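This report walks through one protein chain. It covers fold, charged pairs, the hairpin and the nonpolar core.

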Amino acid sequence: MTIADPTPNSFRNQPDERDDDENRRRAAMLRQLMVLPLAPGQNRLMISHRANIAQAFGKEWFDVKEGEASIFRIENGTYTLIARLQLDEWSRISSAFRR
């Protein structure tokens with residue numbers, strides 16, 4: 001696995017600091033970024049605030065916790081939720097890869 005240089009985006013302020021049209025535009029942009037095709041063996045890491053995630057992906061993400069990760073499968077321009085990992089699960093998962 002390789003890690004590419006991060007690319008900038010325009011998510012610069014909190015949703016409550018923007019108007020509804022701007023919130024919708026940014027949510028649409030996040031959903032579009034989510035489904036961009038990946039080369040075989042590639043993964044995409046996207047980091048955002050809870051409010052942006054909830055705005056883009058719906059009410060199921062209003063309870064997203066600090067440090068939580070959502071893992072999606074991206075296929076044919078759509079995304080499917082595979083798992084949601086909580087912060088306290090990261091050490092257990094990473095230790096499985098150190099064996």
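Is R84 buried, partly exposed or exposed? R84 is partly exposed, at a relative accessible area of 26%. The model is predicted, and every value here is computed from it.

## Overall fold

The chain holds three helices and two strands. Along the sequence they run α-α-β-β-α. Of the 99 residues, 21% are buried.

The accessible surface is about 8,000 Å². Carbon and sulfur atoms account for 53% of that surface. Take the contacts between residues at least 6 apart in sequence: 28% of them join residues at least 24 apart.

## Salt bridge between R84 and E68

R84 and E68 form a salt bridge, with 2.4 Å from N to O. This pair links distant parts of the chain. R84 sits in strand β2, residues 78–85. E68 lies in the loop between α2 (50–57) and β1 (69–75). The two are 16 residues apart.

The partners differ in exposure class. E68 is buried, with a relative accessible area of 14%, while R84 is partly exposed at 26%. E68 counts as buried because its value falls under the 20% cut-off. R84 counts as partly exposed because its value lies between 20% and 50%.

## Salt bridges in helix α1

The whole structure contains six salt bridges. Side chains of opposite charge can pair when their charged atoms come close. Helix α1, residues 20–34, holds D21 and R24. These two form a salt bridge, their closest N and O atoms 2.6 Å apart. They are three residues apart, about one turn of the helix. D21 is exposed, at 54% relative accessible area. R24 is partly exposed, at 47%.

E22 pairs with R25 in another salt bridge, with the closest N and O atoms 2.7 Å apart. Again the spacing is three residues within α1, about one helical turn. R25 is partly exposed, at 39% relative accessibility. Where partners are shared, salt bridges join E22, R25 and R26 into one network.

## The β hairpin

How do β1 and β2 pair, parallel or antiparallel? The two strands pair in the antiparallel sense, over seven bridges. I71 stands opposite A83 in β2.

The hairpin has two residues between its strands. N76 is found in this loop between β1 and β2. Its phi is near 50 degrees, a positive value in a residue other than glycine. N76 is also exposed, with a relative accessible area of 82%.

## The nonpolar core

In soluble globular proteins, nonpolar side chains tend to be buried together. Here the largest nonpolar core has eleven residues. They are A27, L30, M34, V35, I53, A54, A56, F57, W61, V64 and F72. Two elements, α1 and α2, give two or more residues each to this core. The largest share, four residues, comes from α2.

Which residues does I53 touch, leaving aside those up to four places away in sequence? I53 touches L30, S48, G58 and W61. L30 and W61 belong to the core, as does I53.

Terms used:
Residues numbered from 1 in each chain as written. Predicted model: local features only at pLDDT ≥ 70, side-chain atom pairs only at ≥ 80, totals over all residues. Heavy atoms only, no water. Salt bridge = Lys/Arg side-chain N within 4 Å of Asp/Glu carboxyl O. Buried < 20%, exposed > 50% of the residue type's maximum accessible area, 1.4 Å probe, protein only. Pairing = 2+ DSSP bridges. Core = buried A, V, L, I, M, F, W, Y, C linked by side-chain atoms within 4.5 Å. Contact = heavy atoms within 4.5 Å. Areas by Shrake-Rupley, 256 points an atom, 1.4 Å probe, with all protein chains shown as cover.
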